[in-house]
Amino acid sequence: MYVPSNTEIIVSNLLEEKGITSIFKLHICDFMKAFNITLRLCDFGGVLLKNERRTVIILNKNDPEVIQYESFLHELSHHIREDLSYQLVEEWQHNNFECKTNHLMQYIAMPYFLYEDIICLNTVEKVARYFHVTKELARKRLEGIKNKLIDLRGGKIANLQRQKREMVLSNQLQRHQWQL
Ligand SMILES: [Zn+2]
C-alpha cells in the first residue's frame with residue numbers, strides 16, 4: 001500500500017478539478033488551458049510573468065522538447081504555489097522557493113491519481129517515456145514512491161516479528177504456569 005503526502009493529494013485534486021484527469025491531458029496545451037496561461041517561445045526561457053490579468057510562461061525555443069516541458073512544469077509550480085518574484089524576496093527565500101518548486105513539479109508531471117501506473121511501469125526508463133519527462137525527474141518520483149512502500153513493508157515485518165515474539169513469550173508464560 002502507498003500512502004501519499006498531503007502535497008501529492010492537494011496537487012492531484014487540483015489537477016482533476018482543472019480537468020487534467022488522465023495521462024492524455026499531461027501536456028503543455030492542456031495545462032495552459034486549465035490554468036489560463038499564455039506561452040511564449042524566445043531565445044531565453046524559464047520565466048514566469050504575472051499581473052492581475054495574465055500569466056505568461058516563457059520557454060527557450062532552442063531547448064529540446066522534454067526540457068521545455070519540465071521548464072514549463074517548474075514555472076507552473078511557482079504559479080500554483082503563488083511564489084513571489086525573486087526580485088521581491090531575499091536570496092534565501094528565493095532558494096527556498098526553488099527547492100519547494102522543484103519538489104512539487106514531480107507531482108504535476110506524475111500525479112498521484114496515476115500512481116498505480118508508476119508502480120506498474122516500475123523502471124526509471126519506462127516512467128520517463130510514459131510521462132515524457134527526463135530520467136532524473138522519473139527517478140525522483142519512482143524512488144519516492146518505492147521508499148515509502150519499503151517503509152510500509154518494513155513496518156509490516158516489524159509487526160509480524162513483534163507478534164511472533166509475543167506468542168513465544170505467552171507460550172513460555174503458559175508453560176511456566178503449568179509447571180507451577
Ligand atoms: Zn524557479
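Here is a walk through the structure above, starting at its first helix and ending in its loops. Keep in mind that you're looking at a predicted model.

Let's begin with α1, residues 6-17. At 1.5 Å a residue, its 12 residues should span 16 Å, and the C-alpha atoms at its ends are indeed 16 Å apart, so the expectation and the model agree. Now, which residues of α1 are buried? They are E8, V11 and L15. Look down the helix axis and you'll find these buried residues inside an arc of 70°, so they line one face of the helix. A bit of background helps here: an α-helix has 3.6 residues a turn, so residues three or four places apart point the same way. On the other side of α1, N6 and E17 are exposed. Just after the helix comes G19, with a positive phi of about 90°.

What do the buried residues of α1 pack against? Their partner is α4, the helix that runs over residues 91-109. I108 is a good place to see this part of the model. Setting aside neighbours within four places in sequence, I108 is in contact with V11 and L15, and also with L73, L76 and S77.

I108 also takes us to the largest nonpolar core, which has 27 residues. The members that touch the most other members are L73, I108, A109, V127, F131 and A138. At least two core residues come from each of α1, β3, α3, α4, α6 and α7, and the largest share, 5 residues, is from α4. As a general matter, nonpolar side chains in soluble globular proteins tend to be buried together.

Next, the strands. β2 covers residues 47-50 and β3 covers residues 55-60; the two pair in the antiparallel sense over 4 bridges. A hairpin of 4 residues takes the chain from β2 to β3. If you'd like one pair to look for, find L48, which stands opposite I57 in β3.

Finally, let's visit two loops. In the one between α3 and α4 sits E82. This residue has a positive phi of about 60°, even though it isn't a glycine. Is E82 buried or exposed? With 7 C-beta neighbours inside 10 Å, E82 counts as exposed. N122 lies in the loop between α5 and α6. N122 isn't a glycine either, and its phi is positive, near 70°. Because N122 has 11 C-beta neighbours inside 10 Å, it counts as exposed; the cut-off for that is 12 or fewer.

Conventions: Residues are numbered from 1 along each chain as its sequence is written. This is a predicted model: local features need pLDDT of at least 70, side-chain atom pairs count only at pLDDT 80 or more; totals for chains, interfaces and linings use all residues. Two strands pair if DSSP finds at least two bridges between them. A residue is buried if 20 or more other C-beta atoms lie within 10 Å of its own, exposed if 12 or fewer, and partly exposed in between; C-beta atoms are placed from the backbone. A nonpolar core is a set of buried Ala, Val, Leu, Ile, Met, Phe, Trp, Tyr and Cys residues joined through C-beta atoms within 7 Å. Two residues are in contact if their C-beta atoms, placed from the backbone, lie within 7 Å. The expected span of a helix is 1.5 Å times one less than its number of residues. The arc is that of the directions from the helix axis to the C-beta atoms.
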